[in-house]
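Thanks, everyone. Let me put the model up, and then I'll walk you through it from the whole chain down to single side chains.

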Amino acid sequence: GSMTIIEGEILTEELVEVENVMVELENMSSSSMVMDMTSGNGSYAFSDVAFYDEYDIAPLNNDNPLNGVSTLDLVLIQRHILGQEPLATPYKLIAADVNDSGSVTAIDLIQLRKLILGIYQELPENTSWVFVPESHEFTDPVMPWGFPKSLHYNALYNAQTQANFVGVKVGDVNSSAAVNFARQADVDIETRSSETLYISSAEVEVSHAGELVAVPFIADKDMDIYGLQFTIEFE
């Protein structure tokens, strides 16, 4: 059986196409593997696939773990943990499970904060993206774990044109990741307030090295702020 097609697309929960995902097609019957990268519209395809063999399809992307991750995500995950504002979908819960433990806890916050601060270059226990077969139905949307990370065909007997996955950017619970070239420009505008906040600090005398010093920071106006992210430079 030549010219059998297996094709599908990888989109985020918001239906944004995910580019540059490596999709591996493993033929379990012959122990062979072929790969394809998703294009700008999130699609991939395999042709010339032999009929009646057993196949497993698994997307993989461990690039740029900081993509879409900011202090706002920390705040939203924290609000979820405290029960103030639960994360609304199974995919957002999967994104919040930074250490791939099957739950959302303070450890996820600690690892994500280390990533934001540059202590981690990548997540120690997870890939930067997780892919869930689109056909998967969560029996309990509030406990989405134990989901399959690949599509499996026991015996391929016709063309599969809907081999689709939902791409989840780990750590990005407010869906701000730039997932394809076309979307890159919109992202920064969406996630940041245009308001300027001026912060001043008082002069503080330091008498000897190693002394612990408190430096108060004062904002120039009252604002409702969930979180702040900035860099401080000093001589």
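Start at the N terminus and read along: the elements run β-β-β-β-β-α-α-α-β-β-β-α-β-β. That makes four helices and ten strands. One caution before we go on: this is a predicted model.

Now the overall shape. The radius of gyration is 22 Å, where a compact globule of 235 residues would come in near 18 Å. Along the principal axes, the C-alpha atoms fill a box of roughly 80 × 35 × 35 Å. To put a distance on that, take S29 and F234. They sit 205 residues apart in sequence, and their C-alpha atoms are 61 Å apart in space. F234 belongs to the segment after β10. Is F234 buried or exposed? It counts as exposed, because its relative accessibility is 73% and the cut-off for exposed is over 50%.

Next, packing and surface. Of the 235 residues, 37% are buried. Take the contacts with a separation of 6 or more: 69% of them join residues 24 or more positions apart. The chain exposes about 14100 Å², and carbon and sulfur atoms supply 52% of that area. On charge, count 9 positive and 37 negative. The mean positions of the two sets are 8 Å apart.

Let's move to helix α1, residues 71–81. This helix is mostly covered, with eight of its eleven residues buried. The buried set includes the run L74, V75, L76 and I77. Charged side chains are in there too, among them D73 and R79. What covers them? The cover over the buried residues of α1 includes α2 and α3. Just past the end of α1, G83 takes a positive phi of about 75°.

R79 brings us to salt bridges. How many does the structure hold? Four. R79 pairs with E85, and the closest N and O atoms are 2.9 Å apart. E85 is partly exposed, because its relative accessible area is 37%, which falls between the buried and exposed cut-offs.

The other site to look at is K92. E13, E14 and K92 are linked in a network of salt bridges. For E13 and K92, the closest N and O atoms are 3.5 Å apart. That pair links distant parts of the chain: E13 is in the loop between β1 and β2, K92 is in helix α2, and 79 residues separate them. E14 also meets K92, at 3.3 Å from N to O. Here again distant parts are linked, with E14 in the loop between β1 and β2 and K92 78 residues away.

How covered are these three? K92 counts as buried, because its relative accessibility is 17% and the limit is under 20%. E13 is partly exposed at 28%. E14 is partly exposed as well, at 40%.

Last stop: D97, in the loop between α2 and α3. D97 is buried, yet it has no salt bridge. Which side chain of opposite charge is nearest to D97, and how far away is it? K149, at 7.6 Å. A salt bridge needs the atoms within 4 Å, so that distance rules the pair out. So what does D97 touch? Beyond its neighbours within four places in sequence, D97 is in contact with G102, S103, V104, D108, N126 and W145.

That's the tour. I'm happy to go back to any of these sites on the screen.

Definitions and conventions: Residues are numbered from 1 along each chain as its sequence is written. This is a predicted model: local features need pLDDT of at least 70, side-chain atom pairs count only at pLDDT 80 or more; totals for chains, interfaces and linings use all residues. Side-chain values use heavy atoms; hydrogens and water are left out. Helices (H or I, at least four residues) and strands (E, at least two) are DSSP runs, numbered from the N terminus. The radius of gyration is taken over C-alpha atoms; the globule rule is 2.2 Å times the number of residues to the power 0.38. Buried means under 20% relative accessible area, exposed over 50%, partly exposed in between (1.4 Å probe, protein chains only). Contact means heavy atoms within 4.5 Å. Accessible areas come from the Shrake-Rupley method with a 1.4 Å probe; for residues, only the protein chains shown count as cover. Lys and Arg count as positive and Asp and Glu as negative; His and the chain ends are not counted. The place of a charge is taken as NZ of Lys, CZ of Arg, CG of Asp or CD of Glu.
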